[in-house]
Amino acid sequence: MNKIIVGMLALGLVAVSVQAQQADVRAAKRALAAYNLDPHASKERLREAIEAILPEPTGEDVSDPKYYILKGEILNTLATQIVTVKQTGLGSLEELPQVDGVALKAFKALTTAVEKHAQAVNSPGYLLRDAIKGIQEAQAHLYNFGVYAFEVQDYGSAYLHFSLGLASHEILKKEGQGSVLDDAYAMMDQKYITGLAALNNQMPEAAKPLFEELYQANYDNPAIYEALYTVHASGEAANLDAAYWYLKTGRERYPDDASLLFAEINHFLKQNRLDELIDKLKTAIIREPNNPALYITLGGVYDNLYQRESASGNSDRASNYFDQAFNYYNQSLEKDPTNFDALYSTGTLYYNRAATLTMALSELSSDSSTAGMEKYEAMEAEVFAAFDKALPYFQKAERVNPNSVETLIALKEIYARNNEPETSNALNERLENLQHGGTNETSFFNGF
């Protein structure tokens, strides 16, 4: 007898469990209906609907399209309220139910409803119509929440929202229904922002087909050429020639676009095509005359050319490039006297010149003739003069950034050469502090 009672109790528990699940669905319907009657006065009803519908379905609800349509409707309602608060500033997001990925979950529920309808035998046609209507609403939410994610630089989430927005269009078209992406320009804009989110999330393979479709569609936006350059220049299958073709094509179509110009400059910098960079950087300076970085970059190009010609023994050309490098570094400092990169680069320009002369000096040391000694002394004077000219730039650079290892190395060496061991040793202590993970709170040369 006791065993029979236990069995009956077990059956009772199962029945209660099923009824509770069914009651959740019914409770969700009631709460949503009450909320829709008066959204402003019954916000708690929306919370009740969310809490009732979010648990995973069991029993008959697993295969029932109506469950997923209801779930999508409730989540779409919440998404609408979030968008309203964000766009109008009225109300508070904290007062609304907190559901991560609400637009994504709404879309998933509604697409599941479409699948369940297709799988069911004799499922009423109105259920498919309700699900499609929900997807049309979710499509707008996917875009809005994608934008919100993009604005806070959550590019992975942005890409997911935008790409599902494109997927929603395919579902709607398959069912012969209207989509906000029916307009060709709206579709291209959607593909562009989806590709941009993928690119910013380091997903070049996902971005590539989107930007290539935009290129084929003659989408009027110079950014797609820079994007196509980036995706073709990325990854294991990188093809710089193909990548540059897009950049070159973009520059021809949009000759005044500064972003494409800078992308082209960076391309030539990566390939060390220094001679070709000069005119492009001068063009960039004309467009942005108050941008110190352009002067520093052009100074760096001339600096590299100086070192190349100097190593080849072309002293006249080397001297000309040296002067040009100093000129553009100096122009950068005229724009911003405390620019660390310009200060350090100018100091390095003279330091490297002194180092080059030091190598030539060692070759003269074996000539003990009067003429040889005179040449040696003259070049030695040049070496010390170059170090002396480098010194104030490094000192100023150290004032701007007392934690630059490279600056401290150069300063330590210069003071050692000048036979000032006390200063050289003090700088070396600061250098070792950095190398052991410490920081220098103040500049050594603040008092100079």
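## Rings and helices in a predicted model

At 13% relative accessibility, Tyr-246 counts as buried, because anything under 20% gets that label. Keep in mind that the model you are looking at is predicted.

Tyr-246 has a ring partner. A search of the whole structure turns up 24 aromatic pairs. One of them joins Tyr-215 and Tyr-246, and it is edge-to-face, with 5.5 Å from centre to centre and 85° between the planes. Tyr-215 belongs to helix H8 (residues 204–216) and Tyr-246 to helix H10 (residues 240–253), so this pair ties together parts that are 31 residues apart in sequence. Is Tyr-215 buried or partly exposed? At 22% relative accessibility, Tyr-215 counts as partly exposed.

Here's another pair to look for. The ring centres of Phe-326 and Tyr-350 are 5.9 Å apart and their planes sit at 65°, so this pair is edge-to-face. Phe-326 is in helix H14 (residues 315–335) and Tyr-350 is in helix H15 (residues 340–364), so parts that are 24 residues apart in sequence get tied together.

Here are the four rings and how accessible they are:

| Residue | Relative accessible area | Label |
|---|---|---|
| Tyr-215 | 22% | partly exposed |
| Tyr-246 | 13% | buried |
| Phe-326 | 25% | partly exposed |
| Tyr-350 | 10% | buried |

Back to the tyrosines. Which residues do ring pairs link into a cluster with Tyr-215 and Tyr-246? The others are Tyr-225, Trp-245 and Tyr-254.

Tyr-215 also shows up where two helices pack. H8 and helix H9 (residues 223–232) have axes 9 Å apart and pack at an angle of about 140°. That makes H8 oblique to H9, and their crossing is left-handed. On the H8 side, the residues that meet H9 include Phe-211, Leu-214 and Tyr-215. Among those they meet in H9 are Ile-224, Tyr-225 and Leu-228.

Rings can have charged neighbours, too. Lys-86 lies over the face of Tyr-148, at 4.6 Å from the ring centre. Arg-353 does the like with Phe-322, lying over its face at 4.2 Å from the ring centre.

Finally, have a look at another lysine. Where is Lys-412? You'll find Lys-412 in helix H17 (residues 405–417). With a relative accessible area of 18%, Lys-412 is buried. Leaving aside its neighbours within four places in sequence, Lys-412 is in contact with Ser-424, Leu-427, Asn-428 and Leu-431.

How values were computed:
Residues are numbered from 1 along each chain as its sequence is written. This is a predicted model: local features need pLDDT of at least 70, side-chain atom pairs count only at pLDDT 80 or more; totals for chains, interfaces and linings use all residues. Side-chain values use heavy atoms; hydrogens and water are left out. Helices (H or I, at least four residues) and strands (E, at least two) are DSSP runs, numbered from the N terminus. Buried means under 20% relative accessible area, exposed over 50%, partly exposed in between (1.4 Å probe, protein chains only). Contact means heavy atoms within 4.5 Å. Rings of Phe, Tyr and Trp (its six-membered ring) pair if their centres lie within 6.5 Å; planes under 30 degrees apart count as stacked, over 60 as edge-to-face and the rest as tilted. A charge sits over a ring if NZ of Lys or CZ of Arg is within 6 Å of the ring centre and within 35 degrees of the ring normal. Axes are lines fitted to C-alpha atoms, for helices over the stretch in contact, and angles run from 0 to 180 degrees between N-to-C directions. Angles under 35 degrees count as roughly parallel, over 145 as roughly antiparallel, 65 to 115 as roughly perpendicular and the rest as oblique. A crossing is left-handed if the near helix is turned anticlockwise from the far one by less than a right angle, and right-handed if clockwise.
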